[in-house]
Amino acid sequence: AATIFPRCVKSSGAVVHSRPMQIDFQRSSPPSSKSGCGARTGAVIFGLIFAGFGIVFLVLMAKQVSGERAERSWPSTPCWIIRSGVIQDNAHSRDEPYRPVVQYRYTVAGQTRTSDAIKAKDSSFSDYAKAEQIADRYPLGSRATCFVDPHDPARAILEHGDFWIVPFALIPLIFVLIGFAIAWAGLRNPVVKPVSMSLAKS
């Protein structure tokens, strides 16, 4: 507390002494301290969940890219196309029912095997012409080159996957950075305790 003694004031020739005022600074207990802590905790939890979603998508993308890189190391071997065409599979997808089907025969370690995988992941289209365009690259009876998994010769593909997904990895990375920023802000932001000032006359 502090006491302020004002100066004497002259009024009409008389000296008037004003009464001293005591200013009492009191740090009041914050009524919203619990809500402030709850807000900080909520911000931390929300930030971690937000970042967690980004991390999950990053892991899934990393696994896909890693698999596509591994496929590029598979040895190549000649194969012969024994079936080529387009099928309509409404049970698989109503929005993209047209799927190119290419079946081929190849020989590994003296064993003849067959496969119908064009890429590691099946492709289907809503446009019949797009599916037909892929099938037309492998006419029936023609010779092609396939890539065989050295660890599992029963697995083979005709085409490698591309890395189109890599630029999209920036999106979940942004989620991770924003989530951790929100959580860090919640940890660093202190609970502000309001200070009240009361005037008391002595």
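1. A good place to start is with three phenylalanines: F46, F50 and F175 are joined into a cluster by ring pairs. Please keep in mind as you look around that this is a predicted model. Across the whole structure, a search turns up four aromatic pairs.

2. Next, find Y98 and Y128. Their rings make an edge-to-face aromatic pair, with 5.4 Å from centre to centre and 90° between the planes. What does this pair tie together? Y98 belongs to strand β6 (residues 98-108) and Y128 to helix α2 (residues 128-135), so the pair connects parts that are 30 residues apart in sequence. Y128 itself is partly exposed, with a relative accessible area of 39%.

3. Another pair worth a look is Y104 with Y106. This one is tilted, the centres being 6.3 Å apart and the planes at 40°. Are Y104 and Y106 buried or exposed? Both of them are buried.

4. Those two tyrosines come back when you turn to the interior. The largest nonpolar core contains 17 residues, and Y104 and Y106 are among those with the most contacts inside it, together with C79, V102, C146 and L158. Strands β5 (76-88), β6, β8 (143-149) and β9 (152-157) each supply at least two residues of this core. Which strand gives the most to it? That is β8, with four residues.

5. It may help to step back to the overall layout here. The chain has three helices and ten strands, and along the sequence they come in the pattern β-β-β-β-α-β-β-β-α-β-β-α-β. The chain is 202 residues long, and 22% of them count as buried.

6. Now follow the loop between β7 (111-115) and α2, where S124 has its place. S124 is buried, with a relative accessible area of 17%; it counts as buried because that value is under 20%. A polar atom of the S124 side chain lies 3.5 Å from the backbone oxygen of E96.

7. S126 is also found in the loop between β7 and α2. Is S126 buried or exposed? S126 is exposed, at 52% relative accessible area. Its C-alpha atom is 6.0 Å from that of P97, although S126 and P97 are 29 residues apart in sequence.

8. Two further contacts across the sequence are easy to check in the viewer. S84 lies in strand β5 and is partly exposed at 29% relative accessibility; S84 and A135 are 5.8 Å apart, C-alpha to C-alpha, with their positions 51 residues apart in sequence. P75 sits in the loop between α1 (33-71) and β5 and counts as partly exposed at 45% relative accessibility. From the C-alpha atom of P75 to that of C146 the separation is 8.5 Å, while along the chain these residues are 71 apart. C146 is the residue you met above as one of those with the most contacts inside the largest nonpolar core.

9. Have a look at A109 too. It is found in the loop between β6 and β7. What is unexpected about its backbone? A109 has a positive phi of about 55° although it is not a glycine. At 81% relative accessibility, A109 counts as exposed.

10. Finally, the second largest pocket has a volume of about 160 Å³. Its lining is made up of R99, P100, V101, D116, I118, K119, K121, D122, S123, I134, R137 and E159. Which element provides the largest share of this lining? It is β6, with three residues. How many of the lining residues are charged? Seven are charged, while four are nonpolar and one is polar.

11. If you would like a short route for a second viewing, strand β6 is a handy guide. Y98, in β6, pairs with Y128 in helix α2, so following that ring pair takes you between parts 30 residues apart in sequence. From there, β6 is among the strands that each supply at least two residues of the largest nonpolar core, and β6 also gives the largest share of the lining of the second largest pocket.

Technical notes:
Residues are numbered from 1 along each chain as its sequence is written. This is a predicted model: local features need pLDDT of at least 70, side-chain atom pairs count only at pLDDT 80 or more; totals for chains, interfaces and linings use all residues. Side-chain values use heavy atoms; hydrogens and water are left out. Rings of Phe, Tyr and Trp (its six-membered ring) pair if their centres lie within 6.5 Å; planes under 30 degrees apart count as stacked, over 60 as edge-to-face and the rest as tilted. Buried means under 20% relative accessible area, exposed over 50%, partly exposed in between (1.4 Å probe, protein chains only). A nonpolar core is a set of buried Ala, Val, Leu, Ile, Met, Phe, Trp, Tyr and Cys residues joined through side-chain atoms within 4.5 Å. A polar contact is a pair of N or O atoms within 3.5 Å; within protein, one must be able to donate a hydrogen and the other to accept it, and residues adjacent in sequence count only if both atoms are side-chain atoms. On a 1 Å grid over the protein atoms alone, a cavity is a set of points where a 1.4 Å probe fits but cannot get out, and a pocket is an open set with protein on both sides within 12 Å along at least five of seven lines; lining residues have an atom within 4 Å of a point. Grid points are joined across faces, edges and corners, and a volume is the space filled by probe spheres set on the points. Ala, Val, Leu, Ile, Met, Phe, Trp, Tyr, Cys and Pro count as nonpolar, Asp, Glu, Lys and Arg as charged, and the others, Gly among them, as polar.
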